[in-house]
Amino acid sequence: ILTFDKVNSNQDIFVYSFKAAYDAGMLKNVFFKLSQNATTLKTWASAAATACGISQAEVLSSMQMLWVIGIPTASSVDSIKTYRNNGINVVAVEGSWTSPLTEAQEDVIINTFMPYCRENNIDFWPTVIGPRWAGQLDDDETTWLYYLEYLGVDGLMTDRPEEFGAFMHYY
C-alpha cells in the first residue's frame, strides 16, 4: 500500500501521481491523501482522465481518497456525502488536531461520525504521531487505547510502527 501524501498541493502533481499509479496498474494499492473540495477534485480528475485516456468517472471511482480533516464534526458527514454524490471514492479519513478533544467532540465522533463511516465502509485513522497532531497526546500505548477502544477508530497513523505492531499483536 502506498499513500501519496503530497498530491494535495496542485493539479499537476495530482495528475502526474495518478498517471504513474494508473500506468503501473497500482490504483488498488494507492491512497491519494487529499483535502480539496469536490469541485476542485472533479477538475483535477478531468485532467488526469485526459492524461490517461480514460473518463473522469473512471478516475474518480478508481482513486482511493484518504480525506484529510481536523476534528470530525457532524458537517464532516455531509462533506463525505458530497464527495460520494460526485462519484469520488472516499475510502478513509485521516484526522489530526492540536487541542485535546472536548466531551462534545468525542460524542460527535462516537455517535455520529464513526457510525456513518462504518455504515459506508469508510475507515477513520487519526494521526497520533505526537502532541502537535494528536490533541496534545503522545504516540504511545495509552493514546492508542484511547483512540481504538474509547473512540472506536479503525486504525492509527503512527511514527512507531514496530511498537504499534507489537501492541496490536496483544490488543
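Begin by selecting Leu145, Met168 and Tyr171, which in this predicted model form a nonpolar patch on the surface, with about 260 Å² of accessible area together.

Keep Met168 selected and ask where in the protein this residue is found. Met168 lies in helix α7, which covers residues 161–170, so selecting that range will show the residue in its helix. Is Met168 buried, partly exposed or exposed? Its relative accessible area is 33%, and because this value falls between the 20% limit for buried and the 50% limit for exposed, Met168 counts as partly exposed.

Next, select the whole protein and colour it by secondary structure, which brings out seven helices and five strands. If you follow the chain from its beginning, these elements come in the order β-α-β-α-α-β-α-β-α-β-α-α. The radius of gyration is 17 Å, close to the 16 Å that the globule rule gives for 171 residues, so the protein is as compact as a globular protein of that length.

Now reduce the display to the C-alpha trace and turn it slowly, keeping in mind that along its principal axes the trace spans about 50 × 35 × 25 Å. With the side chains shown again, consider contacts between residues at least 6 apart in sequence: 70% of them join residues at least 24 apart.

Finish with the surface display, where the accessible surface of the protein comes to about 8,700 Å², and where 51% of that area belongs to carbon and sulfur atoms. What share of the 171 residues is buried? Buried residues make up 43% of them.

How values were computed: Residues are numbered from 1 along each chain as its sequence is written. This is a predicted model: local features need pLDDT of at least 70, side-chain atom pairs count only at pLDDT 80 or more; totals for chains, interfaces and linings use all residues. Side-chain values use heavy atoms; hydrogens and water are left out. Patches are made of residues with over 30% relative accessible area and no salt bridge: like charges are joined within 9 Å, nonpolar side chains (Val, Leu, Ile, Met, Phe, Trp, Tyr) within 5 Å. Accessible areas come from the Shrake-Rupley method with a 1.4 Å probe; for residues, only the protein chains shown count as cover. A salt bridge is a side-chain nitrogen of Lys or Arg within 4 Å of a carboxyl oxygen of Asp or Glu. Helices (H or I, at least four residues) and strands (E, at least two) are DSSP runs, numbered from the N terminus. Buried means under 20% relative accessible area, exposed over 50%, partly exposed in between (1.4 Å probe, protein chains only). The radius of gyration is taken over C-alpha atoms; the globule rule is 2.2 Å times the number of residues to the power 0.38. Contact means heavy atoms within 4.5 Å.
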